[in-house]
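User: I have this model open and would like to go through it with you, one question at a time. Let's bring it up.

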Amino acid sequence: MIKFLTFLLLLISPVIASDVINQRQDSMQDFNKLMRAANQSLKNSEIEILAKIYGDIESIMKTYPTLFPNDSFDGKTKASNDIIDNREIFNQIANDTAEWAALAKIAAENNDLEALQQHQQNLYGSCKSCHSRFKN
Ligand code: HEC
């Protein structure tokens, strides 16, 4: 029975891996769209919906590091396997990004346009910090 289960696991693990790859790529697509929506809302000073947008970004970045199991670096992915050896740095960048989103959410709730613009810039900076090191 154990042998059979092990065999089954081996058989489906590439499927699980590719699923997690799709999930993290979808997360990035969402993140990208949310950032554009935030930009637009900032331009039009539509502060009300920004709190929701930044809340969504925060939850994406909080779960993001869980989508990189060691066996998910083959196939249709641009994730660098540097992530495996440098998880602390990778997680830290994701954490900081989540934190900026949380601060941006608070700034939106407080109607603080100046702080919002600063946090939005920090969020944009995160793309490069992470991609330059962890995306092929
Ligand atoms: C904590 C690290 C990290 C941060 C922060 C980050 N990214 Fe990414 N991003 C990645 C990695 C890793 C990949 C490659 C994922 C893969 O192909 O498996 C990626 C891939 C992408 C992709 C391609 C998705 C696809 O469909 O293949 C887009 C678009 C993207 N990122 C946009 C952004 C934008 C915009 C930002 C900032 C606003 C950002 N990312 C911030 C790590 C990050």
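**Helices, core and ligand shell**

User: How far apart are the end C-alpha atoms of α5?

Analyst: Happy to start there! Helix α5 has 22 residues, and at 1.5 Å a residue these should span 32 Å; the expected span is 1.5 Å times one less than the number of residues. Helices here are DSSP runs of H or I with at least four residues, strands are runs of E with at least two, and both are numbered from the N terminus. The model agrees with the expected span, since the end C-alpha atoms of α5 lie at a separation of 32 Å.

User: Which pLDDT do side-chain atom pairs need in order to count?

Analyst: Residues are numbered from 1 along each chain as its sequence is written. This is a predicted model, where totals for chains, interfaces and linings use all residues, local features need pLDDT of at least 70, and side-chain atom pairs count only at pLDDT 80 or more.

User: What pattern does the chain follow along the sequence?

Analyst: The chain has 5 helices and 0 strands. Its C-alpha atoms fill a box of roughly 60 × 25 × 20 Å along the principal axes. Read along the sequence, the pattern is α-α-α-α-α.

User: What arc do the buried residues of α5 cover around its axis?

Analyst: A residue is buried if 20 or more other C-beta atoms, placed from the backbone, lie within 10 Å of its own, exposed if 12 or fewer, and partly exposed in between. In α5 the buried residues are L116, H119, Q120, L123 and S126. They sit on the same side of α5, because the arc they cover is only 105°. The arc is that of the directions from the helix axis to the C-beta atoms, and for these residues it is 105°.

User: Which exposed residues does the other face of α5 carry?

Analyst: This face is turned away from the buried side of α5. Its exposed residues are E114, Q121, K128 and S132.

User: Within what arc do the buried residues of α2 fall?

Analyst: Helix α2, residues 47-63, reaches 26 Å from its first C-alpha to its last, close to the 24 Å expected for its 17 residues. Its buried residues are L50, I53, Y54, I57, I60 and M61. Seen down the helix axis, these line one face of α2, because they fall within an arc of 115°.

User: Which residues are exposed on the other side of α2?

Analyst: A general point on helices first: with 3.6 residues a turn, residues three or four places apart point the same way. On the other side of α2, the exposed residues are E48 and S59.

User: Which helix gives the most to the largest nonpolar core?

Analyst: A nonpolar core is a set of buried Ala, Val, Leu, Ile, Met, Phe, Trp, Tyr and Cys residues joined through C-beta atoms within 7 Å. The largest one has 21 residues, and those with the most contacts inside it are L50, Y54, I57, M61, A101, A104 and A108. At least two residues each come from α1, α2, α4 and α5. With 8 residues, the helix that gives the most to this core is α4.

User: Which residues does A104 touch?

Analyst: A104 is one of the buried residues of α4. Two residues are in contact if their C-beta atoms, placed from the backbone, lie within 7 Å. Leaving out residues up to four places away in sequence, A104 touches Y54, L116, H119, Q120 and L123.

User: What is the phi of N111, and where does N111 lie?

Analyst: N111 is found in the loop between α4 and α5. With 12 C-beta neighbours inside 10 Å, N111 counts as exposed. It is not a glycine, yet its phi is positive, at about 60°.

User: Which residues come nearest to the ligand?

Analyst: A residue is near the ligand if its C-beta atom, placed from the backbone, lies within 6 Å of it. The largest share of this shell, 8 residues, comes from α1, while α1, α4 and α5 each supply at least two. By class there are 12 nonpolar, 7 polar and 3 charged residues, where Ala, Val, Leu, Ile, Met, Phe, Trp, Tyr, Cys and Pro count as nonpolar, Asp, Glu, Lys and Arg as charged, and the others, Gly among them, as polar. Of the 22 residues around the ligand, those that come nearest are Q25, M28, T77, C127 and C130.
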